[in-house]
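Trainee: I would like to go through the labels attached to this model and the cut-offs behind them.
Mentor: Go ahead, one label at a time.

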Amino acid sequence: MPTPLDRALNSKNLFLGFAGMVTAVAAFSIWGSDVLPAQADPTGNPEDWTMDEITRWLRARGLLPNENATREELLERVKANLRIPRKTAPAS
């Protein structure tokens with residue numbers, strides 16, 4: 001007599017669930033940036049931005065220097081690079 005584990009391993013639902021997960025991972029790796037767009041840039045005076053907003057702004061432009069940088073250092077880097085546009089994904 002098969003156990004519940006034997007029945008689960010021979011189930012079509014288990015195979016379909018696994019195939020669905022593989023498909024979802026593949027779709028995300030192909031269309032990830034289009035399906036889940038990046039957060040919008042913070043607006044207003046950079047002096048009023050949170051540390052998270054500062055690092056997100058710098059990271060979107062490939063400007064994040066060092067994880068140990070102080071808020072003041074990062075803020076100066078933002079001010080020095082305010083006119084640099086956000087990096088976009090290369091066209092395929």
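**Labels and cut-offs**

Trainee: Where is L9 placed?
Mentor: L9 sits in helix α1, residues 4–9. Helices are DSSP runs of H or I with at least four residues, strands are runs of E with at least two, and both are numbered from the N terminus. This is a predicted model, in which local features need pLDDT of at least 70 and side-chain atom pairs count only at pLDDT 80 or more, while totals for chains, interfaces and linings use all residues. Residues are numbered from 1 along each chain as its sequence is written, and side-chain values use heavy atoms, with hydrogens and water left out.

Trainee: Why does L9 count as exposed?
Mentor: Its relative accessibility is 55%. Exposed means over 50% relative accessible area, buried means under 20%, and partly exposed is in between, with a 1.4 Å probe and protein chains only. L9 therefore counts as exposed.

Trainee: What makes the nonpolar surface patch?
Mentor: L5, L9 and L14 make it, with an area of about 320 Å². Patch residues have over 30% relative accessible area and no salt bridge; nonpolar side chains (Val, Leu, Ile, Met, Phe, Trp, Tyr) are joined within 5 Å, and like charges within 9 Å. The areas come from the Shrake-Rupley method with a 1.4 Å probe, and for residues only the protein chains shown count as cover.

Trainee: How many helices and strands does the protein chain have?
Mentor: Four helices and zero strands. From the N terminus the order is α-α-α-α. Buried residues are 17% of the 92 residues, and the accessible surface is about 7,500 Å², 60% of it on carbon and sulfur atoms.

Trainee: Why is K79 with E47 called a salt bridge?
Mentor: The closest N and O atoms of K79 and E47 are 2.2 Å apart. The definition asks for a side-chain nitrogen of Lys or Arg within 4 Å of a carboxyl oxygen of Asp or Glu, so the pair K79 and E47 qualifies. K79 lies in helix α4 (residues 71–80) and E47 in the loop between α2 (12–35) and α3 (51–60), so the pair ties together parts 32 residues apart in sequence. The structure holds one salt bridge.

Trainee: Why are K79 and E47 called partly exposed?
Mentor: K79 has 34% relative accessibility and E47 has 39%. Both values fall between the limits for buried and exposed, so the label is partly exposed. N45, in the loop between α2 and α3, counts as partly exposed at 42%. The C-alpha atoms of N45 and K79 are separated by 9.8 Å, with their positions 34 residues apart along the chain.

Trainee: What makes the largest nonpolar core?
Mentor: Nine residues: W49, I54, W57, L58, L63, A69, L74, L75 and V78. Helices α3 and α4 each supply at least two residues of this core. A nonpolar core is a set of buried Ala, Val, Leu, Ile, Met, Phe, Trp, Tyr and Cys residues joined through side-chain atoms within 4.5 Å. L74, for example, is found in helix α4 and is buried, with a relative accessible area of 3%.

Trainee: Which residues of α3 are buried, and what covers them?
Mentor: I54, T55, W57, L58 and A60 are buried in α3, and the cover includes α4. Leaving aside neighbours within four places in sequence, I54 is in contact (heavy atoms within 4.5 Å) with P46, W49, R71, L74, L75 and V78. L74 and I54 are 7.0 Å apart, C-alpha to C-alpha, and 20 residues apart in sequence.

Trainee: Why is M51 called partly exposed?
Mentor: M51, in helix α3, has 35% relative accessibility, so it counts as partly exposed. With the same neighbours left aside, its contacts are A69, T70, R71 and L74.

Trainee: What makes W49 and W57 a tilted aromatic pair?
Mentor: Their rings are 6.2 Å apart, centre to centre, with 45° between the planes. Rings of Phe, Tyr and Trp (its six-membered ring) pair if their centres lie within 6.5 Å; planes under 30 degrees apart count as stacked, over 60 as edge-to-face and the rest as tilted. The distance therefore makes W49 and W57 a pair, and the angle makes the pair tilted. Both W49 and W57 are buried, and the structure holds one aromatic pair.
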